[in-house]
Amino acid sequence: MRVDVLTLFPEAFAGPLDVSIIKRARDTGLLDLHLHDIREHATDRHRTVDDQPFGGGHGMVMKVDVLDAALQAAQAATEPPAHVIYLSPQGELLDDALVRELAAYPRLLLVAGRYEGVDERFVEHCADREVSVGDYILTGGELPAMVLIEAVARHLPGTLGAAASPREESFADGLLEHPQYTRPAEYRGWTVPDVLLSGHHAEIEKWKQEQRLRRTRRRRPDLLDD
Ligand code: 9WO
C-alpha cells in the first residue's frame, strides 16, 4: 500500500513510523510512505498557509487553494488516485471495521490539519471521508494520521509474524482480550490463575473465552450490542 501524508510538520513522522511493524513493512516494501510539506505549495512570499475565518471567530483556518495545490501534486504522483482522508474530531470514528476497510485500498492520502481546521470546501470537494481517532481535541491531525497508518499497516498481508494474525486479537470477533501472565508464577504474593498453570488445554481455552466475555460485558457493553 502507498500512503501519502499532507502535513505542515513532516518531521513529526520520524520516529513513530521508523520502529517495529511499521519499519519492517516499509523496509519490505509493503508500506510505501510519502510525506509532503503543505507549506511548499504556498504561493506568496510569506508562504502563507492559513487565514482568518470568514464570519469572525478566533484562530486561523487552512487555505483551500494551498491545500488543493498540495493534494493535486501528491495525486499526480500516484496511480490509481488515492482515497483521501481528512483527520478531524468531526469525522467518523475509526474502529476495527473501518481499519479493515481502509486496509483494502491500494493508495491512501491522509491530510493532517493544524490551527482551527481547514476550509470546509476542501473537506467537501477534495476529501473522500473525514475520520476521527477519538473524541478529544489535539493540536493537529499528525498523531491521528500515525495512529491510522499503524492500525492499517497491521492488516496488510505479510506485516505480522507468521504465527500472529490480526484475526486472533481483540475486536475481530467484537470481544476484548483475556488477561495475560508470564513468569514468575508468584511475585510479591501476587499469583497467576491456577487454570493457566494446570496444563489442561480445553479448560484454559474455556477460561480465556469466559474472561473475554466478562471483560467485554463489564468494560465495553456497547461492543456486545452489535
Ligand atoms: C475547532 C475549534 C473551534 C473553535 C476554536 C478552536 C477550535 N479548534 C478546533 C479543531 O477542531 N481544531 C483541530 C485541531 C483542527 C484539525 C486539526 N486538529 C485536530 C485534529 N485536533 N484533533 C484532531 C483529531 C483528528 C482525528 N481524531 C481525533 C482528533
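Colleague: How exposed is Arg47 in this model, in terms of relative accessible area?
Modeller: The model is a predicted one, and in it Arg47 lies in the loop between strand S2 (32-37) and strand S3 (50-51). Because partly exposed covers the range between under 20% and over 50%, Arg47 counts as partly exposed, with a relative accessible area of 42%.

Colleague: What is the phi of Arg47?
Modeller: Most residues other than glycine have a negative phi. Arg47 is not a glycine, and yet its phi is positive, at about 55 degrees.

Colleague: Which residue in helix H1 has a positive phi although it is not a glycine?
Modeller: Helix H1 spans residues 20-27, and the residue in question is found in this helix. With a relative accessibility of 58% it counts as exposed, and its positive phi is about 60 degrees although it is not a glycine; the residue is Ser20.

Colleague: Which residues of helix H3 are buried, and what arc do they cover around the axis?
Modeller: In H3, which runs over residues 96-103, the buried residues are Leu98, Val99, Leu102 and Ala103. They lie on the same side of H3, because the arc they cover around the axis is only 140 degrees.

Colleague: Which helix is included in what covers the buried residues of H3?
Modeller: The cover includes three strands, namely S5 (83-93), S6 (107-112) and S7 (129-132), and it also includes a helix, H5 (142-153). On the H3 side Val99, Leu102 and Ala103 take part in the meeting with this helix, and their partners are Leu148, Ala151 and Val152 in H5. By class this contact has six nonpolar residues, with no polar and no charged ones, and the helix asked for is H5.

Colleague: How are H3 and H5 oriented to each other, roughly perpendicular or roughly parallel?
Modeller: Two packed helices are described by the angle between their axes and the distance between the axes. Here the axes of H3 and H5 come within 9 Å and cross at roughly 75 degrees. Angles of 65 to 115 degrees count as roughly perpendicular, and therefore H3 is, relative to H5, roughly perpendicular.

Colleague: Which proline follows Glu79 through a cis peptide bond?
Modeller: Most peptide bonds are trans. The bond from Glu79 is cis, with omega near 0 degrees, and the proline that it leads to is placed in the loop between helix H2 (64-76) and S5. This proline is Pro80.

Colleague: What is the omega of the peptide bond that joins Arg183 and Pro184?
Modeller: Pro184 is found in the loop between H5 and strand S8 (186-187). The bond joining Arg183 and Pro184 is cis, and its omega is about 5 degrees.

How values were computed
Residues numbered from 1 in each chain as written. Predicted model: local features only at pLDDT ≥ 70, side-chain atom pairs only at ≥ 80, totals over all residues. Heavy atoms only, no water. Buried < 20%, exposed > 50% of the residue type's maximum accessible area, 1.4 Å probe, protein only. Helix = DSSP H or I, 4+ residues; strand = E, 2+ residues; numbered from the N terminus. Arc of directions from axis to C-beta. Contact = heavy atoms within 4.5 Å. Axes fitted to C-alpha atoms, helices over the stretch in contact; angles between N-to-C directions. Parallel < 35°, antiparallel > 145°, perpendicular 65-115°, else oblique. Nonpolar A, V, L, I, M, F, W, Y, C, P; charged D, E, K, R; others polar.
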